[in-house]
Amino acid sequence: MRSLDLLLLLFLIIAAFGVVRTKDLLGASIIFSAYSLIMAIIWQRLSAPDIALTEAAVGAGVTTILFLITIGRTVRREDE
């Protein structure tokens with residue numbers, strides 16, 4: 001099981017760098033959602049199911065929906 005933990009940690013780090021490096025807000029929101037889901041799996045593996053459920057519901061669910069609604073209400077400025 002140690003290799004699975006290391007793989008999850010690697011995915012978590014890749015997702016974190018992906019959120020920081022992505023210039024597209026929609027893409028960053030989706031990567032952040034994946035980050036939260038990975039974090040929820042890690043919490044579950046650490047025997048903290050209540051925190052895992054909260055992370056999945058709030059981090060991956062509600063926050064992503066709020067980000068998507070906010071992005072949908074903004075106007076993209078294109079350089080002319």
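**A walk around helix 1**

Let's start with glycine 18, which sits in helix 1. Keep in mind that this is a predicted model. Is glycine 18 buried or exposed? It counts as buried, because its relative accessibility is 19% and the cut-off for buried is under 20%. Across space, the C-alpha of glycine 18 lies 9.5 Å from that of tyrosine 35, with the two positions 17 residues apart in sequence numbering.

Now step back to the helix itself. Helix 1 is made of 20 residues, and from first C-alpha to last it reaches 29 Å, close to the 28 Å you'd expect at 1.5 Å a residue. Gly18 has company here: Leu8, Leu12 and Ala15 are buried in helix 1 as well. These buried residues span an arc of only 130° around the axis, so they end up on the same side of helix 1. And what covers them? Helix 2, residues 25–45, is included in that cover.

Turn the helix over and the picture changes. On the face pointing away from the buried side you'll find the exposed residues Arg2, Ser3, Ile14, Phe17, Val20 and Arg21.

Ile14 also shows up in another feature: together with Met1, Leu4, Leu7, Leu10 and Phe11, it makes a nonpolar surface patch of about 600 Å². Take leucine 7 from that group as a closer example. Its place is in helix 1, which runs over residues 2–21. Leucine 7 has a relative accessible area of 40%, so it is partly exposed; that label covers the range between the 20% cut-off for buried and the 50% cut-off for exposed.

Conventions. Residues are numbered from 1 along each chain as its sequence is written. This is a predicted model: local features need pLDDT of at least 70, side-chain atom pairs count only at pLDDT 80 or more; totals for chains, interfaces and linings use all residues. Side-chain values use heavy atoms; hydrogens and water are left out. Patches are made of residues with over 30% relative accessible area and no salt bridge: like charges are joined within 9 Å, nonpolar side chains (Val, Leu, Ile, Met, Phe, Trp, Tyr) within 5 Å. Accessible areas come from the Shrake-Rupley method with a 1.4 Å probe; for residues, only the protein chains shown count as cover. A salt bridge is a side-chain nitrogen of Lys or Arg within 4 Å of a carboxyl oxygen of Asp or Glu. Helices (H or I, at least four residues) and strands (E, at least two) are DSSP runs, numbered from the N terminus. Buried means under 20% relative accessible area, exposed over 50%, partly exposed in between (1.4 Å probe, protein chains only). The expected span of a helix is 1.5 Å times one less than its number of residues. The arc is that of the directions from the helix axis to the C-beta atoms. Contact means heavy atoms within 4.5 Å.
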